[in-house]
Amino acid sequence: MTHTKISMAQALNQALRDAMHADDTVVMFGEDVGALGGVFRITDGLTAEFGENRCFDTPLAEAGIVGMAVGMAMNGMRPVVEMQFDAFGYPAFEQVVSHVAKMRNRTRGRVQLPMVIRIPYGGGIGGVEHHSDSSESYFAHTPGLTVVTPATVADAYGLLRKAIEFPDPVVFMEPKKLYWAKEEVDLTEDQPGIGTAVVRREGADATLIAYGPALPVALEAAEVAAAEGRQLTVVDLRSVVPFDDETVCAAVRRTGRAVVVAEASGFASVSSEIVARVTEKCFHSLAAPVRRVTAFDIPFPPPKLEKYQLPSVDRILDAVDDLQWEDS
Amino acid sequence: MTTVEERLLPSAEPVCLIDQNGLPHEHPSYELPTKAALLDGYTELIRGRRFNDQASALVRQGRLAVYPSSHGQEACQVAATMVLKEGDWLFPTYRDSVSIVSRGVDPIETLTLLRGDWHSGYDPYAHKVAPQSTPLATQLPHAVGVAHAARLKGEDTVVMALVGDGGTSEGDFHEALNFAAVFHAPVVFFIQNNEYAISVPLAKQSAAPSLAHKGVGYGVPGERADGNDLAGLLAVLGQAVEKARAGEGPQLVEAHTYRVQAHTNADDATRYRQDDEVTPWLDRDPIQRLTTYLEQQDWLDDDVRRQAEAKAAEVATQLRDGLMPEPEVDPADLFKYLYAEETQQLREQAAFLRDELAREEA
């Protein structure tokens with residue numbers, strides 16, 4: 001049991017390294033992932049350690065990257081590919097939606113695609129246009145994909161290892177503003193699997209449901225609320241698809257009130273799906289309508305304006321305050 | 001030393017070893033295939049044509065939802081698979097059913113997509129044939145991936161990736177050729193240029209001198225062949241496969257052929273082209289010219305003809321018998337194959353549909 005203080009970026013790097021050691025068929029490729037180690041250094045040192053055949057740079061074409069991964073997965077490999085930034089992954093959208101997501105189904109399970117598409121996503125790092133999108137809802141809407149997103153350092157390692165071992169394609173969304181957040185972790189400790197949400201904080205009064213970059217904000221809000229006398233449960237989804245109805249609904253039923261916190265725009269999004277599910281399943285346990293704290297329905301703003309777009313502690317606390325605590 | 005131009009540019013004219021009158025032509029770079037290969041090809045052509053025409057008839061009888069026929073393109077269809085070895089892969093499009101059958105896939109399983117009882121009916125690993133791709137050119141990067149993985153594993157697999165003239169306009173065509181070239185992947189990209197993408201003629205599709213010239217931009221050698229000359233296609237594709245297998249990287253071959261029928265039965269070709277454009281192509285028919293040549297060589301004896309006819313009759317019977325009964329479909333299958341482990345939500349939705357059906361029956 002050795003606890004080390006490492007960042008999420010380092011944990012992801014270690015997960016790739018350990019997966020490549022564990023399984024010769026794991027290959028990593030994408031833009032600038034070789035000598036440079038990726039623009040966020042997630043693949044740092046992998047080419048040096050495993051050689052050009054295992055971790056390599058590709059031409060600058062995302063559909064080609066994902067499409068090639070499909071073929072390699074068809075032919076016995078476990079490719080892990082990096083989309084350099086959320087919004088740079090859109091050229092690959094057709095490959096993801098028409099092939100990655102559908103291959104198993106259209107071939108009646110004869111062709112499995114054990115592949116991982118890593119996508120650094122979300123804002124909060126002062127990125128200029130096209131560098132801060134939250135694209136998870138596009139993927140979550142597509143049947144056949146598995147969509148996970150870690151919010152902690154331990155999960156970054158554990159979920160990525162599990163995603164690489166997963167028999168089906170996984171869209172692995174990395175909250176880039178958390179890349180540098182450090183935690184004391186024991187990487188050998190087993191983490192809950194894909195499809196399992198985790199309660200990060202217990203509290204009797206209301207539930208915050210969050211994932212990825214929104215989780216630390218929700219936890220901070222719960223801390224402040226506690227100081228003000230209101231105890232909040234915080235659920236970390238971890239896995240958007242499959243969705244853990246059981247854990248989420250159990251928390252909502254216990255507390256009777258809920259706020260969904262997500263960094264993506266709210267309209268027709270993962271957050272709206274959560275509200276719909278919770279309302280459909282927990283209606284009689286609810287003392288108030290489920291509220292949401294999301295981004296506005298606008299393109300992600302330029303760096304000088306992004307603070308107005310991101311969920312904040314104040315907005316979460318205001319939403320909690322609005323949960324009809326008294327009849328009026 | 002060969003120049004870049006010599007290495008990459010296609011022949012000035014499409015390679016043609018047997019012309020439309022059945023006359024053989026010498027070519028400096030390609031040899032006429034052997035008698036045995038041409039006789040095999042003859043049988044495959046006869047069978048492929050029968051497959052096309054029987055499938056089209058079955059659309060009219062309501063047994064297939066749709067059939068994009070390769071009538072007139074059978075030389076391309078059968079040559080693409082005749083040049084492959086057992087361990088090689090084929091990546092077909094929706095118009096390449098004859099190629100798939102020629103590769104050994106069961107004819108009924110081949111037509112599952114077009115019959116509509118599932119999206120893909122055959123096991124892609126059984127004959128190393130990828131599912132038919134409907135979104136144009138999107139299968140080409142997969143072909144590169146299969147080839148690259150094979151190369152990393154030290155296997156001498158070659159991948160034959162099929163695409164049409166319209167497909168060459170797609171970004172995935174460009175990305176696949178570029179990736180294949182950069183990774184030196186053993187892929188033969190085979191363009192069947194049949195002059196039409198549904199209604200849009202080649203002139204509105206590309207301003208390139210030929211589609212084979214597109215290889216130049218990627219450093220991929222291009223070659224073009226008369227798409228209705230089985231002999232030329234076997235020679236050109238055979239050489240491309242050999243080069244790819246020998247480690248010379250990807251190859252691009254364009255076959256000049258013609259879609260003599262409409263895009264599918266649902267299409268009305270009279271809206272965009274005149275009969276006098278189609279008529280000359282009927283004289284360039286791939287079967288007719290090979291037959292003439294084989295007759296002139298005195299190679300087409302009754303045995304060969306009988307054998308070809310028997311195989312054609314067999315496939316026609318297979319299609320009629322196999323497609324006449326209404327296919328059995330199971331609504332439970334709708335949820336079964338999305339994930340290795342079914343999600344809770346899909347289990348609930350499957351149960352919903354089960355209950356709904358049970359109520360209907362009650």
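**Charges of chain A**

Begin by selecting the charged side chains of chain A in this predicted model. Of these, 30 are positive and 45 are negative, and the centres of the two sets are separated by 4 Å.

**Chain A as a whole**

Next, display chain A as a cartoon. The chain contains 11 helices and 14 strands. Its C-alpha trace extends over about 65 × 45 × 40 Å along the principal axes. The radius of gyration of chain A is 20 Å, which agrees with the value near 20 Å for a compact globule of 328 residues.

Switch to a surface representation of chain A. The accessible surface amounts to about 12,400 Å², and carbon and sulfur atoms account for 51% of that area. Of the 328 residues, 61% count as buried. If the contacts between residues at least 6 apart in sequence are drawn, 81% of them join residues at least 24 apart.

**Backbone details in chain A**

Select A:V241 and A:P242. The peptide bond that joins these residues is cis, with omega about -5°. A:P242 belongs to the loop between β12 (239-241) and α9 (245-255) of chain A.

Then move to A:R108, in the loop between α5 (103-106) and β5 (116-121) of chain A. A:R108 is not a glycine, yet its phi is positive, at about 50°. Its relative accessibility is 26%, so A:R108 counts as partly exposed, the range for that class lying between 20% and 50%.

**Aromatic rings**

Which residues of chain A are linked into a cluster by ring pairs? Select A:F40, A:F85, A:F88, A:Y179 and A:W180 to see them together. Over all chains, the structure holds 19 aromatic pairs.

For a pair in chain B, select B:W89 and B:Y125. Their rings are arranged edge-to-face, at 5.9 Å centre to centre and with 85° between the planes. B:W89 sits in strand β1 (residues 89-91) of chain B, whereas B:Y125 sits in the loop between α6 (112-115) and α7 (140-152) of chain B; the pair thus links distant parts of the chain, 36 residues apart. Are the two partners buried or partly exposed? B:W89 has 1% relative accessibility and therefore counts as buried, while B:Y125, at 32%, counts as partly exposed.

Now select B:Y196 and B:Y258. The ring centres of B:Y196 and B:Y258 are 6.1 Å apart and the planes meet at 80°, so this pair is edge-to-face; the angle required for that class is over 60 degrees. B:Y196 is in strand β4 (residues 196-197) of chain B and B:Y258 is in the loop between β7 (251-256) and α10 (275-282) of chain B, so the pair ties together parts 62 residues apart in sequence. B:Y196 and B:Y258 are both buried.

**Around strand β4 and the β7-α10 loop of chain B**

From B:Y196, proceed to B:I198, in the loop between β4 and β5 (200-201) of chain B. B:I198 is a residue other than glycine with a positive phi, near 50°. With 42% relative accessibility, B:I198 counts as partly exposed.

Return to the loop between β7 and α10 of chain B and select B:T264. This threonine, B:T264, has a relative accessible area of 10% and is therefore buried. Beyond its neighbours within four places in sequence, B:T264 contacts B:V66, B:Y67 and B:P68.

**B:V15 and its surroundings**

Select B:V15, in the loop between α1 (4-8) and α2 (35-60) of chain B. What is the relative accessibility of B:V15? The value is 0%, so B:V15 counts as buried. Residues up to four places away in sequence aside, B:V15 touches B:H27, B:Y30, B:E223, B:R224, B:A225, B:D226, B:D229 and B:V236. For a distance across chain B, add B:G145: its C-alpha atom is 30 Å from that of B:V15, and the two residues are 130 apart along the chain.

**Chain B as a whole**

Finally, show all of chain B, which has 14 helices and 7 strands. Its radius of gyration is 21 Å, close to the 21 Å that the globule rule gives for 362 residues, so chain B is as compact as a globular protein of that length. The C-alpha trace of chain B spans about 75 × 50 × 40 Å along its principal axes.

On the surface of chain B, about 15,600 Å² is exposed, with 49% supplied by carbon and sulfur atoms. Buried residues constitute 56% of the 362 residues. Colouring chain B by charge shows 32 positive and 56 negative side chains, the centres of these sets lying 1 Å apart.

Key
Residues numbered from 1 in each chain as written. Chains lettered and ligands numbered in written order. Predicted model: local features only at pLDDT ≥ 70, side-chain atom pairs only at ≥ 80, totals over all residues. Heavy atoms only, no water. Helix = DSSP H or I, 4+ residues; strand = E, 2+ residues; numbered from the N terminus. Rg over C-alpha atoms; globule rule 2.2 N^0.38 Å. Buried < 20%, exposed > 50% of the residue type's maximum accessible area, 1.4 Å probe, protein only. Contact = heavy atoms within 4.5 Å. Areas by Shrake-Rupley, 256 points an atom, 1.4 Å probe, with all protein chains shown as cover. Lys, Arg positive; Asp, Glu negative; His and termini not counted. Charge placed at Lys NZ, Arg CZ, Asp CG, Glu CD. Phe/Tyr/Trp six-rings, centres within 6.5 Å; stacked < 30°, edge-to-face > 60°.
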